[in-house]
Protein chains: 2
Amino acid sequence: MTKQRIGLIRVLTTADEKLLNLHGELVMQYFPCFDVVSRCIPDQPEGIHDAETERIAVPKVLALAQEMEREGMDAVIVSCAGDPAVEEASRSLRIPVIGAGRAAASAALVTGLPVGVLGITKVVPEAMSRILGKNLAADAVPEGVESTLDLMKPEGIQALVAAGRFLAGRGARMLVLACTGMSTIGAAGILREKTGIPVIDPVRAQAAAAWTVLG
Amino acid sequence: MTKQRIGLIRVLTTADEKLLNLHGELVMQYFPCFDVVSRCIPDQPEGIHDAETERIAVPKVLALAQEMEREGMDAVIVSCAGDPAVEEASRSLRIPVIGAGRAAASAALVTGLPVGVLGITKVVPEAMSRILGKNLAADAVPEGVESTLDLMKPEGIQALVAAGRFLAGRGARMLVLACTGMSTIGAAGILREKTGIPVIDPVRAQAAAAWTVLG
């Protein structure tokens with residue numbers, strides 16, 4: 001059977017092939033029926049970390065998505081919980097466009113349980129917050145964590161677990177991770193073990209969403 | 001690795017093992033990491049087909065879900081697009097409860113595209129309609145089709161395709177099937193081919209939802 005081809009967009013600029021392919025490799029490991037090609041946007045070595053860096057990224061993500069459609073991809077995944085340009089790309093492309101944030105929030109909606117959103121930005125990404133609606137019980141950022149690099153230190157993991165427990169204490173019966181960088185450090189597994197509640201991983205969610213939509 | 005155990009609830013009473021296990025077999029085929037046990041509710045040989053048959057099914061589905069939790073299942077799937085008792089079970093159980101309707105509607109939400117809902121009941125199931133919100137562009141029932149048995153006849157397939165085309169004409173850029181019986185006859189594949197737009201299959205969606213939530 002021919003594999004379905006997916007274009008995966010990384011929103012940080014890197015020449016490091018291993019870093020570039022991190023999320024795509026996970027998606028193919030989860031769903032061997034996919035052949036994933038990863039590319040990154042130009043001139044943003046620090047990725048997207050505030051409103052301004054998101055604003056300048058949008059046309060770059062859109063251009064990359066359009067290029068991927070022209071090359072015959074079956075779907076595009078924007079591998080960032082902020083879903084930059086996902087709405088624009090969805091309107092302009094004929095193939096399905098999947099954003100990590102929407103995929104994770106939608107997956108959480110399935111159970112109808114109150115959700116805690118755990119990210120590394122002060123504000124819950126707009127699309128996630130809109131999709132979750134009244135199911136969004138609370139949100140939190142691990143204390144002292146400003147990037148996924150911080151999460152890799154022992155005190156970062158401690159802060160992550162503390163934030164997860166804080167959210168469970170605020171009534172969350174499920175956690176959703178609002179940062180795809182958390183997928184590569186196995187944050188979902190750690191949080192599931194320490195809090196005892198289900199945790200949605202955004203790279204896993206975007207992979208499953210692509211698989212469901214492509215049929 | 002130990003397989004995760006899923007209890008799958010069929011909302012029609014049957015002693016036919018093959019019919020009973022149809023959806024569970026699909027779920028395990030999609031995700032070999034799952035061990036699915038299928039059971040059906042008692043005394044409803046014609047399943048759920050109107051408000052009254054849904055009303056009497058709710059306590060039965062809930063009791064079966066509670067029994068499955070006591071037996072150590074990791075999650076429960078209610079394999080019916082009407083999501084009977086899913087809300088009640090979700091509130092009362094500690095393990096995740098997944099309904100086919102919510103799973104399919106949530107999966108469609110990921111792309112943000114206008115959705116056409118294609119089922120065999122006049123009204124779009126409440127949870128699906130609530131989740132889709134303004135993304136619900138239109139809904140339709142194949143003409144002359146009152147059960148999945150009708151869908152298996154040549155004129156049933158014709159009516160199915162006509163309904164899909166009608167929805168695409170009403171602005172739907174994605175179809176969601178609101179009947180798990182459509183999964184077993186391969187309706188999604190037929191509609192995808194004939195309409196050229198993505199089609200969400202509810203059994204596929206519930207399998208992916210369980211896989212995402214269980215992590």
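**Figure 1. Lining of the second largest cavity in the predicted model**. The second largest cavity is bordered by B:Val117, B:Leu118, B:Gly119, B:Thr121, B:Lys122, B:Val123, B:Val124, B:Pro125, B:Asp139, B:Ala140, B:Val141 and B:Ala178. Two elements of chain B, strand 5 (115-119) and strand 6 (136-140), give two or more residues each to this lining. Strand 5 of chain B gives the most, with three residues. The enclosed space amounts to about 50 Å³. By class, eight residues of the lining are nonpolar, two are polar and two are charged.

**Figure 2. The largest cavity, lined by helices of chain A and chain B**. A search of the whole structure yields three cavities of 30 Å³ or more, and the largest has a volume of about 140 Å³. Its lining comprises 16 residues, of which A:Ala107, A:Ala209, A:Thr212, B:Ala107 and B:Ala209 are the closest to the centre of the cavity. At least two lining residues come from each of four helices: helix 4 (100-109) and helix 10 (202-214) of chain A, and helix 4 (100-109) and helix 10 (202-214) of chain B. In this lining, 12 residues are nonpolar and four are polar, while no charged residue is present.

**Figure 3. The largest pocket and the helices of chain B in its lining**. The volume of the largest pocket is about 1400 Å³. Among the 48 residues that line the pocket, B:Ile48, B:His49, B:Cys80, B:Ile120 and B:Cys179 are the closest to its centre. Helix 1 (17-30), helix 2 (51-70), helix 3 (86-92), helix 5 (126-132), helix 6 (148-151) and helix 8 (181-184) of chain B each provide at least two residues of the lining. The lining divides into 25 nonpolar, 12 polar and 11 charged residues.

**Figure 4. Crossing of helix 7 and helix 9 of chain B**. The axes of helix 7 (residues 154-169) and helix 9 (residues 187-195) of chain B come within 10 Å and cross at roughly 55°. The two helices of chain B are therefore oblique to each other. Their crossing is right-handed. On the side of helix 7 of chain B, the contact is formed by B:Ile157, B:Leu160, B:Val161, B:Gly164 and B:Arg165; helix 9 of chain B contributes B:Ala187, B:Ile190, B:Leu191, B:Lys194 and B:Thr195. Of the residues in this contact, six are nonpolar, two are polar and two are charged.

Definitions and conventions
Residues are numbered from 1 along each chain as its sequence is written. Chains are lettered from A and ligands numbered from 1 in the order in which they are written. This is a predicted model: local features need pLDDT of at least 70, side-chain atom pairs count only at pLDDT 80 or more; totals for chains, interfaces and linings use all residues. Side-chain values use heavy atoms; hydrogens and water are left out. Axes are lines fitted to C-alpha atoms, for helices over the stretch in contact, and angles run from 0 to 180 degrees between N-to-C directions. Angles under 35 degrees count as roughly parallel, over 145 as roughly antiparallel, 65 to 115 as roughly perpendicular and the rest as oblique. A crossing is left-handed if the near helix is turned anticlockwise from the far one by less than a right angle, and right-handed if clockwise. Contact means heavy atoms within 4.5 Å. Ala, Val, Leu, Ile, Met, Phe, Trp, Tyr, Cys and Pro count as nonpolar, Asp, Glu, Lys and Arg as charged, and the others, Gly among them, as polar. On a 1 Å grid over the protein atoms alone, a cavity is a set of points where a 1.4 Å probe fits but cannot get out, and a pocket is an open set with protein on both sides within 12 Å along at least five of seven lines; lining residues have an atom within 4 Å of a point. Grid points are joined across faces, edges and corners, and a volume is the space filled by probe spheres set on the points.
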